[in-house]
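Me: I've just opened this one and I'm new to it. Can you walk me through it with a few questions and answers?

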Amino acid sequence: RLCFVLCLFFVGFAHAGVPTAPGPELVAGGNDAAWTPLFAALAAQGGVRSTFTENRWFSVRREPVVLRGELRHSDERGLSLHYTQPEEQLCVVDAKGLMLRDAKGRTRTMAADPHAPRMDAALLPVLRFDLPALLKLFTLRAARDGDDWRLDFVPRTPELARHLSTLTVEGFGERVSRLEFRRSAKQRVEVLIGETQTGVTFTAEEEKRFFR
């Protein structure tokens, strides 16, 4: 399943000024310094609660499969994706690995394996906007046009490349607006982020229901 690819956050939809092509590669200790303030601001958002629309394209379909739901992210508890349409499902990505739970409460888990990392484990530093960690996992290209920006992530290891060919993150100012995950030339997922709250403290009930 591709539920693990629905992972980031914040408010808004794509702006017309977002660069249409990848920018220069970021190099640790070099031109990455120009992007450090943006990564620091994104990392400091705290707990996030957001709505999202996910469009999945497959080679066998002309129109995308559309899913909608609620996203919650906590630095301590990980990422929670509560799909509400077309059917209810919960997907949790955290340090333990991946957990899927359907509307009837049936649960499947996949443990994290540090010797054979999957994309869901690699998404944790992406969610935290941990630039030094990201530069170890991905070749990262960055481009700006005024307040609009885009980041293109290409996995450095064959293990990650089996799950993902390219991840593109687009934003405006200090907000992420759109994400696109490509697994192959004919299989991709686009994420549009809707209404968002940052600096959220999740209640005990939310943590029990939407995390693990």
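Reply: Sure, let's start at a turn: a hairpin links β10 to β11 through 2 residues. Keep in mind that this is a predicted model.

Me: How many bridges join β10 to strand β11?
Reply: β11 covers residues 187–198, and the two strands run antiparallel. One of the pairings sets Arg182 against Arg188, its bridge partner in β11. The number of bridges joining β10 to β11 is 6.

Me: β10 also pairs with strand β9, so to speak; which residue in that hairpin takes a positive phi?
Reply: β9 (residues 166–172) and β10 (residues 175–184) run antiparallel and are joined by 7 bridges. Phe172 stands opposite Arg175 in β10, and the hairpin has 2 residues between the strands. The one with a positive phi, near 65 degrees, is Gly173.

Me: How many helices and strands does the protein have?
Reply: The chain is 212 residues in total, and 48% of them count as buried. Its accessible surface comes to about 10,400 Å², with 51% of that belonging to carbon and sulfur atoms. As for elements, the count is 5 helices and 11 strands.

Me: What share of the contacts with a separation of 6 or more comes from residues 24 or more positions apart?
Reply: For one pair separated along the chain, take Asp130 and Thr36, which are 94 residues apart in sequence but 9.7 Å apart in space, C-alpha to C-alpha. That pair is just a distance, though; for contacts in the protein with a separation of 6 or more, the share from residues 24 or more positions apart is 55%.

Me: Is Asp130 buried, partly exposed or exposed?
Reply: Asp130 sits in the loop between α2 (119–127) and α3 (131–137). Its relative accessible area is 33%, and since buried means under 20% and exposed over 50%, Asp130 is partly exposed.

Me: What do the buried residues of helix α1 line?
Reply: In α1 (residues 36–43), the buried residues are Leu38, Phe39, Ala41 and Leu42. Looking down the axis of α1, they fall within an arc of 160 degrees, so what they line is one face of the helix.

Me: And what do those buried residues of α1 pack against?
Reply: Their partners include a helix as well as strands. The full set is α3, β7 (138–145), β8 (148–155) and β10.

Me: Is Arg72 buried or exposed?
Reply: Arg72 belongs to strand β2 (residues 65–74). Leaving out residues up to four places away in sequence, Arg72 touches several others, among them Val48, His82, Phe202 and Phe211. Its side chain also makes a polar contact of 3.3 Å with that of Glu70. With a relative accessible area of 6%, Arg72 is buried.

Me: How far apart in space are Val66 and Arg56, C-alpha to C-alpha?
Reply: Val66 lies in strand β2 too, and it is partly exposed at a relative accessible area of 32%. Beyond neighbours within four places in sequence, its contacts include Thr53, Asn55 and Pro86. Val66 and Arg56 are 10 residues apart in sequence, and their C-alpha distance is 6.5 Å.

Me: Which element has the lowest mean pLDDT?
Reply: The protein averages a pLDDT of 84, and 87% of the residues score at least 70. Residues 1–16 have a pLDDT below 50, and where pLDDT is low, the predicted coordinates should not be read in detail. Among the elements, helix α5 has the highest mean at 95, while the lowest, at 68, belongs to α2.

Notes
Residues numbered from 1 in each chain as written. Predicted model: local features only at pLDDT ≥ 70, side-chain atom pairs only at ≥ 80, totals over all residues. Heavy atoms only, no water. Helix = DSSP H or I, 4+ residues; strand = E, 2+ residues; numbered from the N terminus. Buried < 20%, exposed > 50% of the residue type's maximum accessible area, 1.4 Å probe, protein only. Contact = heavy atoms within 4.5 Å. Areas by Shrake-Rupley, 256 points an atom, 1.4 Å probe, with all protein chains shown as cover. Pairing = 2+ DSSP bridges. Arc of directions from axis to C-beta. pLDDT = per-residue confidence, 0-100. Polar contact = N/O pair within 3.5 Å; in protein donor to acceptor, adjacent residues only side chain to side chain.
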